[in-house]
Amino acid sequence: MAIKQEARTRVSSWDTCRGQKVPAELRYLLDGQYVPGVIKLLEFYEREDSFIYVMERFNNSMDLYDFISKEKKLSEALARDFYCQVFCSKPPPSYSPCLR
């Protein structure tokens, strides 16, 4: 399992979910829960000063930001593969995890 804590002051983008203002990252995680290979959100906690995400963690995994920072430069083929993994999936008809 992986635990991420994000200070409210560091949230740069917000969205709504079930009528509540939440970090956009949470909304994206919820929207991707049906996609094979996407990290599953196990729990989410809202604190007065921060948000806590409890997620599954794969062996041999690395955060995309950390990977790109480490590599400095990606080949076009690898960048294309990442793009397709992130943007080429479509939700099933009428899928809306925040409206359940």
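1. Surface. The protein exposes about 7800 Å², and 53% of this area is supplied by carbon and sulfur atoms. The model is a predicted one. Of the 100 residues in the protein, 24% are buried.

2. Elements and contacts. The protein contains 3 helices and 5 strands. Read from the N terminus, these elements follow the order β-β-β-α-β-β-α-α. Where contacts in the protein link residues at least 6 apart in sequence, 49% of them join residues at least 24 apart.

3. The sheet. Three strands form an open sheet in the order 1-5-4, and their pairing is antiparallel. Its edges are strand 1 (2–7) and strand 4 (41–46), each of which pairs on one side only. From one strand to the next, the twist averages 15 degrees.

4. Strands 4 and 5. The antiparallel pairing of strand 4 with strand 5 extends over 5 bridges. Leu41 is placed opposite Met55 of strand 5. The reader may wish to inspect this pairing alongside the strand order 1-5-4 of the sheet.

5. Ser50. This residue belongs to strand 5, which covers residues 50–55. Ser50 counts as buried because its relative accessibility is 2%, below the 20% limit for that class. The side chain of Ser50 makes a polar contact, at 2.9 Å, with the side chain of Gln5. Leaving aside residues up to four places away in sequence, Ser50 touches Gln5, Glu6, Ala7, Arg8 and Tyr45. Gln5 therefore appears both as a residue touched by Ser50 and as its side-chain polar partner, with the burial of Ser50 resting on the 2% value.

6. Aromatic pairs. Searching the whole structure yields 4 aromatic pairs. One of them joins Phe44 and Phe51 in a stacked arrangement, with 5.7 Å from centre to centre and 15 degrees between the planes. The stacked label applies because the angle of 15 degrees falls under the 30 degrees set for that class. Ring pairs also link Trp14, Phe44, Phe51 and Tyr53 into a cluster.

7. Exposure of the stacked pair. Are Phe44 and Phe51 buried or partly exposed? Phe51 is buried, since its relative accessible area is 0%. Phe44 counts as partly exposed because its relative accessibility is 23%, a value between the limits of 20% and 50%.

8. Start of helix 2. Asp63 caps the N-terminal end of helix 2 (residues 64–71), with a side-chain oxygen 3.0 Å from the backbone nitrogen of Tyr65. Leu64 is found in helix 2. With a relative accessibility of 37%, Leu64 counts as partly exposed. The C-alpha atoms of Leu64 and Phe82 are 8.9 Å apart, while the two residues are separated by 18 residues along the chain.

9. End of helix 2. Which residue takes a positive phi just after helix 2? The residue is Lys72, with a phi of about 70 degrees. Helix 2 is thus described at both ends, by the cap from Asp63 at the N-terminal end and by the positive phi of Lys72 just after the helix.

Key: Residues are numbered from 1 along each chain as its sequence is written. This is a predicted model: local features need pLDDT of at least 70, side-chain atom pairs count only at pLDDT 80 or more; totals for chains, interfaces and linings use all residues. Side-chain values use heavy atoms; hydrogens and water are left out. Helices (H or I, at least four residues) and strands (E, at least two) are DSSP runs, numbered from the N terminus. Buried means under 20% relative accessible area, exposed over 50%, partly exposed in between (1.4 Å probe, protein chains only). A polar contact is a pair of N or O atoms within 3.5 Å; within protein, one must be able to donate a hydrogen and the other to accept it, and residues adjacent in sequence count only if both atoms are side-chain atoms. Contact means heavy atoms within 4.5 Å. Accessible areas come from the Shrake-Rupley method with a 1.4 Å probe; for residues, only the protein chains shown count as cover. Two strands pair if DSSP finds at least two bridges between them. Axes are lines fitted to C-alpha atoms, for helices over the stretch in contact, and angles run from 0 to 180 degrees between N-to-C directions. Rings of Phe, Tyr and Trp (its six-membered ring) pair if their centres lie within 6.5 Å; planes under 30 degrees apart count as stacked, over 60 as edge-to-face and the rest as tilted.
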